[in-house]
Amino acid sequence: MEPLSKAYDPKGIENKWYATWKENGNFKPSGKGEPFVIVIPPPNITGKLHMGHALNMTLQDITIRFNRMLGKNTLWLPGEDHAGIATQGVVEKTLREKGTSRDEVGREEFLRITWEWANEYREYIKKQIEWIGCSVDWERDRFTLDEGLNRAVRKAFVQLYDKGLIYKGKYLVNWCSRCGTVLSDEEVEHEDEKSHLWYIRYPIKGEEQGLIVATTRPETMLGDTAVAVNPSDERYKDWIGKTLFLPIVNREIPIIADHFVDPKFGTGAVKVTPAHDPNDYQMAIRHNLPFVEVIDERSKMSPEAGIYSGLSALEARKKIVERLESEGFLVKIEDYNHSVGHCYRCSASIEPRLSDQWFIKMKPLAERAVEVVENGRVKFYPDRWKKVYLNWMNEVHDWCISRQLWWGHRIPVWYCQDCGHLNVTEEEPKQCQKCGSSHLIQDSDVLDTWFSSGLWPFSTLGWPDRTADLETFYPTSLLSTAFDIIFFWVARMIVMGLEFMDEIPFKDVYIHQLVRDKKGRKMSKSLGNGIDPIEVIQTYGADATRFSLAIMASQGSDIRYDVKNIETYQHFANKLWNASRFAMMNLDTDNGGAPLSIDPDQCTLADGWILSTLNETISKVTDYLRHYDYNFAAKAIYEFFWNQFCDWYLESAKPILYGEGGQKQNTRAVLSYVLERSIRVLHPFMPFITEELWQNLPIQKEADSLIVAPWPEERPEYTFSEKRNRYEALIEEIRGIRNLRAQFQVPPSQKFSVAIRFLGQPGTGLLEEETTYIRFLANVEAVTVVDQKPGKSATAYVDSAREIYVILGETIDWVEERKRLEKEIDKTRVDLQHAETKLSNPKFMANAEAEVVEEARMKAEEARKTLKRLELLLKDFRAV
């Protein structure tokens with residue numbers, strides 16, 4: 001290998017290693033060990049990936065690389081989603097910008113244009129995934145609209161239809177007039193809007209009085225077929241069964257009783273418009289009421305609206321309210337806030353309307369999908385999402401699966417033009433199954449995108465064929481996804497997996513964090529606030545970008561992402577590079593790469609401490625990664641490498657490495673061992689830089705490449721409890737000396753002496769080694785043992801065994817420093833009181849996020865430590 005360059009430059013390294021891994025087949029399953037499988041949540045081809053996608057890709061890759069190093073037969077299967085309504089929406093937008101439309105170009109040409117879009121963005125998304133460093137098996141790349149998946153979709157549809165689980169009917173659906181298609185309940189986003197309640201008097205047939213009804217939508221009253229009251233409402237007990245005249249239309253409608261009516265809403269009497277309200281629809285079914293559609297698929301008033309036909313709903317509302325007022329039917333208007341449904345893609349208001357659609361009966365399918373989560377066969381991380389899933393599945397409604405789009409899987413149903421028979425088949429029929437006619441027309445609708453996505457875990461592995469991949473890699477191991485598609489996707493994959501494979505689709509579901517921008521808004525393509533990961537990587541490198549995402553990935557918390565945060569981990573990458581260069585320059589390169597042997601009896605305090613701490617770090621990171629605690633795992637290895645290995649061990653080893661003593665070879669062996677294991681542990685997080693460093697290590701390797709090297713294990717023989725404890729005490733002593741130097745602003749060039757007073761039996765066999773560390777690491781001139789505290793000295797460290805004093809003499813102004821100490825103590829007390837007040841506030845503890853509470857606890861603890869240290873110093877100053 002070429003010697004390491006002085007400066008770390010990620011660009012050349014990242015391109016080189018991704019190409020090498022790909023060429024060497026390192027992303028393919030090894031064929032050995034227990035399978036560990038992830039099928040990638042296929043990104044929508046509506047545009048480029050943003051940092052939210054980069055987070056999920058990074059977390060999945062960390063998991064895959066970790067399990068690959070554990071020796072498992074890993075497969076990470078990539079692919080992209082055709083995203084029916086979303087992709088059709090963006091393509092139609094581009095057509096409008098060119099002065100045309102899908103209707104003008106026609107279905108065939110529109111699909112050709114959309115396929116061009118799909119191919120372009122699929123390629124760019126693959127490029128982004130590669131830049132992030134994802135070790136996916138590109139030879140298994142799939143697309144939810146490819147021929148294999150289309151075959152799977154048709155098979156699934158026909159099987160469900162044959163079992164009576166798919167049916168077609170005229171039902172009230174959520175209609176988006178802008179997208180021109182029906183939406184499922186889960187695709188409707190509700191927002192509170194300021195509006196009004198209009199109170200309208202409906203005359204009672206044969207009586208002088210009328211019944212006052214409150215409504216938020218006076219324009220739909222033209223489609224009223226009843227007025228309902230609660231049967232337990234004493235006010236209207238004698239009115240039930242009477243007939244009303246519908247104002248303006250003058251149609252006779254009944255007063256009905258239904259327990260759904262809330263007596264506290266408005267006057268307790270509500271208009272029933274079955275064709276334009278889901279609750280009214282259900283009442284109409286219960287009471288056998290007629291349906292009158294007064295708003296069409298364009299959100300225009302229909303011919304049933306009479307003189308208002310052709311007006312928009314809002315235009316009709318204005319004119320109807322004016323007429324009600326002029327004819328004396330409008331009683332009053334009140335301000336009112338209520339929830340309004342909007343399309344999750346284009347944000348247009350949703351119009352409930354009657355339509356012929358295809359549905360799946362979900363109740364029979366949901367039972368097993370509930371059971372496998374309740375009994376723990378499918379586990380959610382964090383666990384709280386289990387309740388969200390179960391609540392939805394226990395209240396699941398039939399799923400409307402047809403969409404009035406052109407881009408998607410065409411519904412495999414052919415209507416006979418002669419006898420009307422529905423031919424539901426996997427392949428296009430040449431003649432009607434019932435009458436033999438060849439006059440067949442295929443249903444023009446396509447299936448909901450989530451239908452094909454629901455088959456993703458097994459269709460990508462070859463289903464409906466029983467392929468070797470399907471036998472080996474199903475069920476998969478992990479699904480990592482966002483909380484907002486638990487209903488859209490997670491639930492439906494579990495349903496489909498159990499129905500068609502008789503097995504769960506995955507064992508674990510990790511709900512990753514939502515990445516928000518600096519303003520706290522969700523990063524999304526629709527908002528235009530998404531950051532292209534490639535832009536970030538070009539500036540900071542993939543490893544720094546990945547590590548910044550991993551260390552912020554706290555289970556259950558969203559991420560406010562600012563690219564400036566990556567700078568910290570860019571510095572970490574540089575630290576890793578420079579520390580490795582230093583270590584390699586001080587390793588014995590003349591032994592032909594033979595492994596350096598560690599002699600436990602020759603280990604210094606620092607050697608024993610770093611080996612013990614490495615064991616603990618390996619154990620922690622392994623456990624954290626097994627439980628998808630990515631942030632804890634990243635923090636553990638970051639803390640170990642930067643703060644323990646670099647800041648302490650390397651500095652402690654320098655006197656030995658620079659000298660010619662007998663311990664030099666053993667310290668080299670420890671240095672080599674710890675560095676190599678650290679690089680292995682860091683590899684899942686920072687794959688490129690670690691591969692480059694590992695390849696350059698002048699030692700024998702256990703594999704040709706780090707990506708397939710074994711995950712390090714704890715070595716019990718390298719646990720040195722006594723040495724670890726002694727060295728950790730030494731660290732605190734040196735910190736105490738350094739703190740005093742900083743406290744009194746003594747420049748590094750000015751050395752002072754240190755005195756140690758033993759409180760129990762004086763002297764230890766390691767005192768000489770400790771003295772060396774103190775002198776070198778604390779920049780101390782001399783270390784002496786004393787029986788009592790020297791004059792004009794300050795206490796740097798106290799424990800049950802010893803006290804350490806810094807002899808300052810006339811180095812400082814004792815009177816002025818005492819005054820400064822007293823002021824600092826007062827300020828620290830205020831800080832501590834502020835932190836403790838916050839922590840004792842029940843409202844703060846109940847409402848603040850876990851990380852905010854933890855930060856407050858850490859501030860309080862730090863203030864206590866600082867106060868204790870300062871008060872100890874003040875005691876010294878009062879004695880002078």
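These are my notes on the cores, one enclosed helix and some strand pairings of this structure.

**Entry 1, the model.** I am working from a predicted model.

**Entry 2, nonpolar cores.** I looked up the largest nonpolar core and found that it has 160 residues. I listed the residues with the most contacts inside it: Phe547, Leu611, Phe645, Phe685, Tyr727 and Ile737. I then checked which helix gives the most to this core; it is α18, residues 630-658, with 16 residues. A second core is separate and has 76 residues, among them Leu165, Leu405, Ala491 and Met493. For background, I note that in soluble globular proteins nonpolar side chains tend to be buried together.

**Entry 3, Phe547.** Which residues does Phe547 touch, leaving out those up to four places away in sequence? I find Tyr569, Phe572, Ala634, Ile637, Tyr638, Leu682, Phe685 and Met686. Of these, Phe685 is itself on the list of residues with the most contacts inside the largest core.

**Entry 4, helix α15.** Is helix α15 (residues 542-551) enclosed or open? Ten of its ten residues are buried, so the rest of the structure largely encloses α15. Phe547 is one of the buried residues. The buried set also includes Asp543, Thr545, Arg546 and Ser548, as well as Ala542, Leu549 and Ile551.

**Entry 5, strand β18 and its partners.** I went through β18, residues 413-416, side chain by side chain. Val413 and Tyr415 point one way, Trp414 and Cys416 point the other way, and all are buried. β18 pairs with β19 (residues 422-424) in the antiparallel sense, over three bridges. The two strands make a hairpin with five residues between them. In the turn, Gly420 has a positive phi of about 80°. I also found antiparallel pairing of β18 with β20 (residues 440-442), again over three bridges. I followed Trp414 into both neighbours: its bridge partner in β19 is Asn423, and in β20 it stands opposite Gln442.

**Entry 6, a parallel sheet.** I looked up an open sheet of three strands; its order is β15-β23-β22 and the pairing is parallel. Which strands are at the edges? They are β15 (379-381) and β22 (476-481), each of which pairs on one side only. From one strand to the next the twist averages 20°. β22 and β23 (residues 506-511) run parallel and are joined by five bridges. Across this pairing, Leu479 stands opposite Val509 in β23.

Key. Residues numbered from 1 in each chain as written. Predicted model: local features only at pLDDT ≥ 70, side-chain atom pairs only at ≥ 80, totals over all residues. Heavy atoms only, no water. Core = buried A, V, L, I, M, F, W, Y, C linked by side-chain atoms within 4.5 Å. Buried < 20%, exposed > 50% of the residue type's maximum accessible area, 1.4 Å probe, protein only. Contact = heavy atoms within 4.5 Å. Pairing = 2+ DSSP bridges. Axes fitted to C-alpha atoms, helices over the stretch in contact; angles between N-to-C directions.
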